[in-house]
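Welcome! Here is a short briefing to help you find your way around this structure.

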Amino acid sequence: MRSLTAALALLLASSCQGFVAPSHNSHQIITTTTPSSTQLKKQPLSRLSVATDINAVGAPGTADLPWSELGFEFRPTKSHLRMTYRDGKWQEPEMVESPYINVHIGATALHYGQACFEGLKAFAHEDGSVNLFRPDENAKRINRSGHRVMMPEIPVETFIKACNDVVKDNVAYVPPYGSGGALYLRPLLFGSGPRIGLQPAEEYTFIVMVIPVGDYYKGGLAAPVNGLIVDDYDRAAPKGVGAAKVAGNYAADLIPNMAAKKKGFPICLYLDAATHTLVEEFSTSNFIGIDNENKKYITPKSDSVLPSITNKSLQTLAKDEGMTVEQRDIEVAELSTFDEVIACGTAVVVTPIGSLTRFDGNGEESKYQFTEDVGETTRRLYDTVRNIQNGEIEDTHNWNYKVE
Ligand code: PLP
Ligand code: COI
């Protein structure tokens, strides 16, 4: 209902501005069978569905790429969208083929980190259409992040249209239906005007680049990932910028992240900076603990955690299936009570965490072990959200936006 209202508001706004909004494609594809994650993943390349009946935006998956081997790394595509804020207003967007940008040496993004970004995905459906997952949520979040570091607002309809248009121009790079991949959109907003005294820029650049991606962690759902609890560093301070998707948060994570990987832990879990007693979130994703006996989905409540759109979606799906969702403080000691732990986010989707290890000051190790294989709840949540994204079950919450 909420999304429907948003879609109507969007259409209304667009008709006032001569902008044709992507239609909100709900309830379009209903299948009675629900392919499981493993069924989807294991299709041989020859059976991947490269849509033959070209729809309004063209056929996804026609670029010459190894679709079933995509990981999460940069790959060139046809174009990115670029738009500049100058003289107090946004200029017309343009599609740019060169992946390089000419930036002033005094740009505030370079010196003072006045930059934030987003991450969302577009999926090819079996009918050849391409659909963005909840772009309205990313639009709202980039504005919250931008506001935190004094950057201008991007109207929600402008943001969604930018995403729509860049996907359309790069439709050949949308991984085909059945490949398990997606087109990852990376909207980026930064101060491109010069300042040397500390103050906000007068000029800003907004970019939406796209990259075809597969699993963030090799093996995807099938391979639980072991995490390290970080004690030597913090990701975000209370009242700091942890809830904003600003570039500096990720720079702060580089040392602990790389050190953890070196020790054999692909993922880091941060604790609250003030006391180091409460679970916050992973470097690139939110934390979810599952208590199967009591059918509980538990996730941290903290002002320094990024409000994840995937987490929000999974909470809705968990409630739909009768689970109790608790958003509250989670003591580190409570980790031993969870049957399953999940890292969730656009890039990592629903990643099962096999174990979490913590070293004390003397190098003594304590280890919290979760399900060895993929837990039943993890698998169910993964399957449901992926089936919605792939257009394989009814999109009852109106989360998919058809690219037009
Ligand atoms: N937490 C952090 C620090 C992230 O970078 C991300 C990724 O965007 C998330 C959580 C997950 O957010 P979302 O589900 O909106 O992608
Ligand atoms: C995303 O999931 O979209 C992110 O932005 C995480 C990123 C650091 C890979």
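Is the crossing of helix 8 and helix 9 left-handed or right-handed? The crossing of these two helices is right-handed, a term used when the near helix is turned clockwise from the far one by less than a right angle. This is a predicted model, in which local features need pLDDT of at least 70, side-chain atom pairs count only at pLDDT 80 or more, and totals for chains, interfaces and linings use all residues. Residues are numbered from 1 along each chain as its sequence is written, and side-chain values use heavy atoms, without hydrogens and water.

**Helix 8 and helix 9**
- The axes of helix 8 (residues 309-320) and helix 9 (residues 376-389) come within 10 Å and cross at roughly 110 degrees.
- Helix 8 is therefore roughly perpendicular to helix 9 (angles of 65 to 115 degrees count as such).
- L314, L317 and A318 of helix 8 meet L381, T384, V385 and I388 of helix 9; contact means heavy atoms within 4.5 Å.
- Six nonpolar residues, one polar and no charged ones make up this contact of helix 8 with helix 9.

**Nonpolar cores**
- The largest nonpolar core (buried Ala, Val, Leu, Ile, Met, Phe, Trp, Tyr and Cys residues joined through side-chain atoms within 4.5 Å; buried means under 20% relative accessible area, with a 1.4 Å probe and protein chains only) has 42 residues.
- Helix 5 gives the largest share of this core, six residues.
- A second, separate core has 23 residues, including L317, A318, M323 and L381.

**Around F159**
- F159 is among the residues with the most contacts inside the largest core.
- Beyond its neighbours within four places in sequence, F159 touches residues including L120, I142, P187 and F206.

Conventions: Chains are lettered from A and ligands numbered from 1 in the order in which they are written. Buried means under 20% relative accessible area, exposed over 50%, partly exposed in between (1.4 Å probe, protein chains only). Helices (H or I, at least four residues) and strands (E, at least two) are DSSP runs, numbered from the N terminus. Axes are lines fitted to C-alpha atoms, for helices over the stretch in contact, and angles run from 0 to 180 degrees between N-to-C directions. Angles under 35 degrees count as roughly parallel, over 145 as roughly antiparallel, 65 to 115 as roughly perpendicular and the rest as oblique. Ala, Val, Leu, Ile, Met, Phe, Trp, Tyr, Cys and Pro count as nonpolar, Asp, Glu, Lys and Arg as charged, and the others, Gly among them, as polar.
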